Amino acid sequence: MLNRAVSSPSRSDVVVVGAGLAGLAAARTLKDHGVGLVVLEARNRVGGRTLSQTMPSGETIDLGAQWIGPTQNRVAALTREFGLQTFNQYSTGAKIMSVEGKISTYKGSIPSLPLLSLMSLARLIKRLEAMCREVPLDAPYTATRAAEWDGMTVESWKRTSVFTRKTRSVLDMAVRAIFCAEPGEISFLYFLFYLHSAGGLLMLTEVDRGAQQARFTTGTQMLSLRLAGLLGEEVILNASVRAIVQAQDGILIRSDTGEYEAQYVIVAVPPALAARIRYEPPLPAGRDQLAQRMPMGSVIKCVVFYERPFWRDQGFSGEAISDTGPVAFAFDDSPEDASRGALVVFIAANAARRWGVRSAEERKAAVIQELARLFGPKATLPTDYVDKDWASDPWSLGCPVGPMPPGLLTASGAALRAPVGRIHWAGTETATVWNGYMEGAIESGERAAQEVLAALGRG
């Protein structure tokens, strides 16, 4: 990887904008086919929304994307190729749920609720699992009820379709955990598409046989570091792209490290970031509107360390979810050998916006106070604390995904992946499988690379 300035335009077949998993997967596919390329990354690192950090005690934690689960076959293939090790997310014991300030515990997939709410929740899950399969993954805006579902938010659908207060609270908590956005911000059609892209609601929320099944010993950013290692000097850091200029015979990319000429460009950053690049000529209105109206989710990811995982001694798995306070949800984040204890905590959606303007020390105090409410007084004795506010990251603008508001998918969804002249689009927001996840990022990069290979006559 280089960190250099280019004095005169550099020429290649393809420029890839962004060195997250999507951009690196695209670049790797192109390089395997002998395509000359350069990858421009605005940050001083690769990895995008994956970010691993080694603590003074030696263990590696993930401050961004963290888990791998069943059917995430592309991530699994890279893991095997690079010889990376994973271990199962700790999930033994009771889970904690706090609804309206009242704490209960449960095991399995369904929380402990009053009988009427429990029956309502079971029906809700079954209904959503069936409805989401009515949404085509490659063109969700063509679903039979697309106009109806895209005309409402998850919140408005909930108010007319979920009739017990506690079941509504459970759905709210699930939405905040999955999207780091409020139910009132998300199109119900997009919500169903997102569920379908991962295999259903339970696949997204579960640990065993779900999206949170396993963790990487050395952190998920190692996937990007290994991919970047295959590309070498073709990856240029601190190279924020400011403008993309199209002509009939090629394309010019203006960045902080100079100008680059190519035949095609793959923009592999979230739509909200892609909207900040200047395009000449301007993008079509549909694509421009799409990018402007997909704000990123809001999340602060916190890791709280302890001398030992005391909650395990008390029969808890470390998994908790709440509809009050700063902690939206939490998991055991201890190392595989449990030599230390750690809880990973997510401050999500509106709570993240409120706490994002507070200091890290204030957040730490509030998080520890809430963990003590959920797990008991031993939670007040942490040995270390670290957090990452993704909304304040200028090259992410939030995490984990940029959800769509009502009306956007039916109006502009067809523009999400459609090339604009010599510009092709990648990024997990464009994926048809595991949208919003590392798997989706890799799928999107490989798909965009195949489009460019076909355009170059090398497909």
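Me: A nonpolar core is a set of buried Ala, Val, Leu, Ile, Met, Phe, Trp, Tyr and Cys residues joined through side-chain atoms within 4.5 Å. With that in hand, how many residues has the largest nonpolar core here, and which have the most contacts inside it?

Reply: This is a predicted model, and its largest nonpolar core has 69 residues. Those with the most contacts inside this core are L128, W157, F179, F188, Y190, F191 and L192. Helix α7, residues 188–198, gives the most to the core, with 9 residues.

Me: And which residues does L128 touch, if I skip those up to four places away in sequence?

Reply: L128 touches W157, L171, F188, F191, L192, L195 and L201. Apart from the 69-residue core lies another one, of 39 residues, with A19, F82, L84 and Y264 among them. As a general point, nonpolar side chains tend to be buried together in soluble globular proteins.

Me: On to the helices. Why are α3 and α6 called oblique?

Reply: Start with the angle: α3 (residues 115–132) and α6 (residues 165–179) pack at about 45°, with their axes 8 Å apart. Under 35 degrees would count as roughly parallel, and roughly perpendicular covers 65 to 115. The angle of about 45° fits neither of those ranges, so α3 and α6 are oblique to each other. Their crossing is right-handed.

Me: What makes the contact there, on each side?

Reply: From α3 you get S117, S120, L121, L124 and L128, and from α6 you get K166, T167, V170 and L171. Sorted by class, this contact of α3 with α6 has 5 nonpolar, 3 polar and 1 charged residues.

Me: What is the relation of α5 to α6, roughly parallel or roughly antiparallel, and how do you know?

Reply: The axes of α5 (residues 154–161) and α6 come within 11 Å and cross at roughly 160°. Over 145 degrees counts as roughly antiparallel, so α5 is roughly antiparallel to α6. This crossing is right-handed too. The α5 side of the contact is V154, E155, W157, K158 and R159, and the α6 side is R168, L171, D172 and V175. By class that gives 4 nonpolar, no polar and 5 charged residues.

Me: Why are α2 and α9 called roughly perpendicular?

Reply: Helix α2 (residues 73–81) and helix α9 (residues 221–231) pack at an angle of about 65°, with their axes 10 Å apart. The roughly perpendicular range is 65 to 115 degrees, so α2 and α9 get that name, with the value at the lower limit of the range. Here α2 passes α9 in a left-handed crossing. V75, L78, T79 and E81 of α2 meet L223, L227 and L230 of α9. The residues of this contact divide into 5 nonpolar, 1 polar and 1 charged.

Me: Now single residues. Is S334 buried or exposed, and how do you know?

Reply: S334 has a relative accessible area of 1%. Buried means under 20%, so S334 is buried, although its place is in the loop between β19 (329–332) and β20 (341–348). Leaving aside neighbours within four places in sequence, S334 is in contact with F87, R215, P309, W311, R312, R340, G341 and A342. Of these, P309 is 25 residues away in sequence and 7.0 Å away in space, C-alpha to C-alpha.

Me: What about A330, buried or exposed?

Reply: A330, found in strand β19, has a relative accessible area of 0%. Set against the limit of 20%, that makes A330 buried. Outside its neighbours within four places, A330 is in contact with G318, E319, A320, V344 and V345. The C-alpha atoms of A330 and I96 are 9.5 Å apart, with the two positions 234 residues apart along the chain.

Me: Why does N238 count as partly exposed?

Reply: Its relative accessible area is 31%. Buried stops under 20% and exposed begins over 50%, so N238 is partly exposed. N238 lies in the loop between β11 (235–236) and β12 (241–247).

Me: What is notable about the phi of N238?

Reply: Phi of N238 is near 55°, a positive value in a residue other than glycine. L397 also has a positive phi, near 65°, and is found in the loop between β21 and α15.

Me: Last one: which residue is joined to P400 by a cis peptide bond?

Reply: C399, with omega about 0°. P400 lies in the loop between β21 (384–389) and α15 (408–412). Another cis peptide bond joins E280 and P281, with omega about -5°, and P281 lies in the loop between β16 (278–280) and α11 (285–292).

Technical notes. Residues numbered from 1 in each chain as written. Predicted model: local features only at pLDDT ≥ 70, side-chain atom pairs only at ≥ 80, totals over all residues. Heavy atoms only, no water. Axes fitted to C-alpha atoms, helices over the stretch in contact; angles between N-to-C directions. Helix = DSSP H or I, 4+ residues; strand = E, 2+ residues; numbered from the N terminus. Left-handed = near helix turned anticlockwise from the far one by under 90°. Contact = heavy atoms within 4.5 Å. Nonpolar A, V, L, I, M, F, W, Y, C, P; charged D, E, K, R; others polar. Buried < 20%, exposed > 50% of the residue type's maximum accessible area, 1.4 Å probe, protein only.
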